[in-house]
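User: I am new to this structure and would like to go through it step by step. Could you take my questions in turn?

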Amino acid sequence: MIWNLSECKYNTELFNNQVCDSCYPAYPYLPLNEALIVATNIKKWLSADPDNKAIVHCKGDKSRSAIQLALYLFLDGKYAYPDDALIYVNGRLGIQVRER
C-alpha cells in the first residue's frame with residue numbers, strides 16, 4: 001500500500017488502486033489528527049499480513065514522510081520517544097537536522 005502525502009494525486013491504477021491520498025496543500029505537514037489516522041492505518045495494514053509493505057512518500061524535501069514514519073514507529077512501540085524515532089528516520093533518509 002502506498003500512502004501519498006504529496007500535494008499531487010496520480011493514476012492509482014498503476015499501483016492496483018492501493019494508494020491512500022492524504023493531501024493538504026496549504027500545510028507543510030499533515031494536521032496531527034490526520035497524521036494519527038495515517039499512522040494507525042499503516043500499523044493495521046502491516047499487522048494484517050506479514051507480506052504487506054508500506055510505502056510513504058511526499059513531494060519535495062521528505063519532511064512529511066519523515067514525520068509520518070517517525071509517528072508510526074513511535075505508535076508501534078519501536079521507540080519510547082517520538083524524537084528518537086525522528087532521529088532514526090532522518091538518518092535513514094539522509095535528512096540533516098539543524099540545531100536550534
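**Cysteines, sheet and surface**

Analyst: To begin with one cysteine of this predicted model, Cys8 has a relative accessible area of 32%, which makes Cys8 partly exposed.

User: Is Cys58 buried or exposed?

Analyst: The relative accessible area of Cys58 comes to 15%. Because buried means under 20% relative accessible area, Cys58 counts as buried.

User: How many disulfides are there?

Analyst: A disulfide would need a pair of cysteine sulfur atoms within 2.5 Å. By this rule, the count of disulfides is 0.

User: In what order do the strands of the open sheet lie?

Analyst: The sheet has 3 strands, and their pairing is parallel. Strand S2 (19-21) and strand S3 (55-57) each have a single partner strand, so they stand at the edges, with one side of each left without a neighbour in the sheet. From one strand to the next, the twist averages 20°. The order is therefore S2-S1-S3.

User: Which residue is the bridge partner of Ile2 in S3?

Analyst: Strand S1 (residues 2-4) runs parallel to S3, and 3 bridges join the two. In S3, the bridge partner of Ile2 is Ile55.

User: Is Leu32 buried or exposed?

Analyst: Leu32 has its place in helix H1 (residues 32-48), and together with Leu36 and Leu75 it makes a nonpolar surface patch of about 260 Å². Its relative accessibility is 61%, and since exposed means over 50%, Leu32 counts as exposed.

Conventions: Residues are numbered from 1 along each chain as its sequence is written. This is a predicted model: local features need pLDDT of at least 70, side-chain atom pairs count only at pLDDT 80 or more; totals for chains, interfaces and linings use all residues. Side-chain values use heavy atoms; hydrogens and water are left out. Two strands pair if DSSP finds at least two bridges between them. Helices (H or I, at least four residues) and strands (E, at least two) are DSSP runs, numbered from the N terminus. Axes are lines fitted to C-alpha atoms, for helices over the stretch in contact, and angles run from 0 to 180 degrees between N-to-C directions. Patches are made of residues with over 30% relative accessible area and no salt bridge: like charges are joined within 9 Å, nonpolar side chains (Val, Leu, Ile, Met, Phe, Trp, Tyr) within 5 Å. Accessible areas come from the Shrake-Rupley method with a 1.4 Å probe; for residues, only the protein chains shown count as cover. A salt bridge is a side-chain nitrogen of Lys or Arg within 4 Å of a carboxyl oxygen of Asp or Glu. Buried means under 20% relative accessible area, exposed over 50%, partly exposed in between (1.4 Å probe, protein chains only).
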